[in-house]
Amino acid sequence: MNANIIARRKETLANMCDERARMLQDQFNKTFAEYTARTAFERPLTNGVAYALKVLHSQREEFERQHGWKIKKMETEDQSPVQDDYTPEKLDPSPDQDEYAPVIFSQETVSHIVSIDMMSGKEDRDNILRARASGKGVLTSPFNLLKSNHLGVVLTFAVYNADLPPNPTPEERIEATVGYLGASFDVPSLVEKLLHQLASKQTIVVNVYDTTNSSAPIKMYGLDVRGAGEIHISNVDFGDPLRKHEMHCRFKHEP
Ligand code: WA2
């Protein structure tokens, strides 16, 4: 055979193989979306779950070829005020970085984050770095979630390969990391839903704060409360020892 024919055969094989690999991959994504939808009742307070892959810069080209899309950069709030036509296709490709964390699987409810590099958003990035070095579930501070633009938090767990040694050091954890499983929580709607289940809505005013930085608490839920009146503060433990939260309650009417 002449060199031309050999080259053509090689290209045809590559295209056929890529097509089949992508079909299998799409099937897997569909399975993730269906499974997470079916089990959504077990996570009543979450917006949606997604899985992002650890991709080193040296792997980017091969990754993008295999998936048939480019790794996108997350738009910050000022670049994208609430817009309904938000689609990954309209986002810019991520500039070169040492590594990326593109979302490859998602629950339907957060399908708008597929292909976005989660390391390009400050809160998501901090979570990813802390989750993989610690092996613990970690929580972000409250920030405006993509698309909904509601205040929320993200919970992240790192996924490791089988090479993770027993009693690993943070470096060994980082090395053995393959991806990140995360869930987003829309705080206003979840607290609202919860409080509605209690019969006391007319009686008390509830506020929830992130008090991790005690001199600069961040309000996560509730309207500004004017006037004094007796206040009770309850601690709320969301499972990340690095984050502190409080619920502040008051009666609406003085006795
Ligand atoms: N999920 C949903 N909406 C978001 C968001 C997010 N992160 N970040 C900003 N808006 C796949 O930690 C890995 C989910 C990130 C996980």
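Which side chains meet in a salt bridge at 3.7 Å, N to O? Those of Glu19 and Arg20, as the first view shows. This is a predicted model, where local features need pLDDT of at least 70, side-chain atom pairs count only at pLDDT 80 or more, and totals for chains, interfaces and linings use all residues. Residues are numbered from 1 along each chain as its sequence is written, and side-chain values use heavy atoms, leaving out hydrogens and water.

**View 1. Glu19 and Arg20 pair up in a salt bridge.** The term means a side-chain nitrogen of Lys or Arg within 4 Å of a carboxyl oxygen of Asp or Glu. By this rule the count is nine. Glu19 is partly exposed at 48% relative accessible area (buried is under 20%, exposed over 50%, partly exposed in between; 1.4 Å probe, protein chains only).

**View 2. Arg65 and Glu62 form a salt bridge in helix H2.** Their closest N and O atoms are 3.3 Å apart. Both sit in residues 60-67, three residues apart, about one turn of the helix (helices are DSSP runs of H or I, at least four residues, numbered from the N terminus). Asp18 joins Glu62 and Arg65 in a network of salt bridges.

**View 3. Lys122 bridges to Asp126.** Here the closest N and O atoms are 2.9 Å apart. The two residues lie four apart in helix H3 (residues 122-134). Lys122 counts as exposed because its relative accessibility is 58%, whereas Asp126, at 35%, is partly exposed.
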